[in-house]
Amino acid sequence: MIPTAWQSADLGARLAWSERWMPRTAAAGQALPRLDDVRLAVTSHLDLKAFVMLRALLGAGAKMIVHEADPATTLTDVVGLLADRGVAVVTPGECVDWEPTYTLEMGGDIVVEAAAREYYGIAAGVETTRTGLSRIGAVELMHPVFDADGLPLKNHLHNRFAVGSSTWQTVLSRTNLSLHGLVVVVVGYGEVGGGLARTARGHGAQVLVAEVDSARATVASYDGFETGLLADLASRADVVVTATGRPGAAPARVGYKDGCLLVNAGHSPDEVDLAGLGTGTEVIPAVTSHRVEGREVLLFAGGHVANLAAGDGDSLNAFDITAAVLVEALGWTVRYGAAYPPGLHPLPLGFEGGAGGVAG
């Protein structure tokens, strides 16, 4: 992770400031049932906002073990805060060895590992990312997993607004550029892609949308964006940003414009063909230069999720809603989830929860 000024400030001051701006998360934690019998395995990006969320679950008595969603988004001091509370940060295999009874994940690593091992000890789980849902959907589940990404406050607020805003804030602050006069190609027009496209347009970019799904491409066109396939748009792009949740969404050899900046806003760096780009050379701390097809391709944050690998992620007050939703979702899953059959399930809208029913 590339440290920011915020991350370099005093830990105690940052934690107190984070708590001030995340009251919904604290309230959701206080409304949880007692979780003393819960052994919770978590996959998460480990920044300070995630710690506030995890501490809410610990406060209800849950036993916890954690797998980092991406080493490039892990803050060392957050690992230390977890260690102070007896929470180890380990591999997915070690999480399964620990014999969890519930999961809360960003990316599905633990559930996929449990399926491979045919571990039957998980009563139910919660998945919070489109990448994780795709991965989990490809394996035979032995327990129910609930889709928190589909909840309106997660999908519409977090995905559409928070990610788009924080991604461009990070890219522009790290490169000292603006988007004025630049052509931006957004790959994927789900909620994240739509948020990225609209925010980029608000920053003065000419925005094009690369979308393989005809229905989503039609929605993008109704939003006023020119659409096409990445192979047809790449040669015009000053910036390409991926938001698909799919591996290989940005191939290395697709005819990028010379000097194109490639950014990943998705959960996993495999959205970008890193192997095809090869080893690059550093241009500035957040950008490397790669030679492909006789052209230069600039890669932001090593292809890792841009807003966390090179920045501070979503704002505290925006993520407060997301974290409260996830805390409530875990509480609902502990109450009711084990009664569902194995497989992926939507969380019911208006499910009971704390923080004044923020997830309703």
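User: What makes the charged end of Arg39 count as sitting over the ring of Trp98?

Analyst: In this predicted model, the charged end of Arg39 lies 4.1 Å from the centre of the ring of Trp98, and the cut-off for such an arrangement is that CZ of Arg is within 6 Å of the ring centre and within 35 degrees of the ring normal. The charged end of Arg39 is accordingly listed as sitting over the ring of Trp98.

User: Why is the pair of Phe146 and Trp332 called edge-to-face?

Analyst: The ring centres of Phe146 and Trp332 are 5.1 Å apart and their planes stand at 80 degrees. Rings pair if their centres lie within 6.5 Å, and planes over 60 degrees apart count as edge-to-face, so the pair of Phe146 and Trp332 is given that name. It is part of a structure that holds 6 aromatic pairs.

User: Which parts of the chain does the pair of Phe146 and Trp332 link?

Analyst: Phe146 belongs to strand β5, residues 144-147, while Trp332 belongs to helix α15, and the two are 186 residues apart, which is how the pair comes to link distant parts of the chain.

User: How do you know whether Phe146 is buried or exposed, and what about Trp332?

Analyst: Buried means under 20% relative accessible area; Phe146 has 0% and therefore counts as buried, and Trp332, with a relative accessible area of 5%, is buried as well.

User: What makes Phe146 and Tyr340 an aromatic pair, and of which kind is it?

Analyst: The rings of Phe146 and Tyr340 are 5.0 Å apart from centre to centre, with 85 degrees between the planes; set against the limits of within 6.5 Å for a pair and over 60 degrees for edge-to-face, these values make the pair edge-to-face. Because Phe146 lies in strand β5 and Tyr340 in the loop between α15 and β14 (343-346), this pair ties together parts that are 194 residues apart in sequence.

User: Why is Tyr340 called partly exposed?

Analyst: The relative accessible area of Tyr340 is 31%, and partly exposed is the class between buried, under 20%, and exposed, over 50%, so Tyr340 is placed in that class.

User: Which residues do ring pairs link into a cluster with Phe146?

Analyst: The cluster linked by ring pairs consists of Phe146, Trp332, Tyr336 and Tyr340.

User: Why is His143 called buried, and with what is it in contact?

Analyst: His143, found in the loop between α8 and β5, has a relative accessible area of 4%, and it is buried because this value is under the limit of 20%. When neighbours within four places in sequence are left aside, His143 is in contact with Val111, Ile122, Ala123, Ala124, Gly125, Pro342 and Gly343, where contact means heavy atoms within 4.5 Å.

User: What is known about the space in the largest pocket and about its lining?

Analyst: The largest pocket contains about 910 Å³ of space. Its lining has 47 residues, and the closest to the pocket's centre are Arg130, Asp149, Lys154, Asn159 and Val192. The lining of the largest pocket divides into 13 nonpolar, 19 polar and 15 charged residues, and α9 gives the most to it, with 6 residues.

Note on methods: Residues are numbered from 1 along each chain as its sequence is written. This is a predicted model: local features need pLDDT of at least 70, side-chain atom pairs count only at pLDDT 80 or more; totals for chains, interfaces and linings use all residues. Side-chain values use heavy atoms; hydrogens and water are left out. On a 1 Å grid over the protein atoms alone, a cavity is a set of points where a 1.4 Å probe fits but cannot get out, and a pocket is an open set with protein on both sides within 12 Å along at least five of seven lines; lining residues have an atom within 4 Å of a point. Grid points are joined across faces, edges and corners, and a volume is the space filled by probe spheres set on the points. Helices (H or I, at least four residues) and strands (E, at least two) are DSSP runs, numbered from the N terminus. Ala, Val, Leu, Ile, Met, Phe, Trp, Tyr, Cys and Pro count as nonpolar, Asp, Glu, Lys and Arg as charged, and the others, Gly among them, as polar. Rings of Phe, Tyr and Trp (its six-membered ring) pair if their centres lie within 6.5 Å; planes under 30 degrees apart count as stacked, over 60 as edge-to-face and the rest as tilted. Buried means under 20% relative accessible area, exposed over 50%, partly exposed in between (1.4 Å probe, protein chains only).
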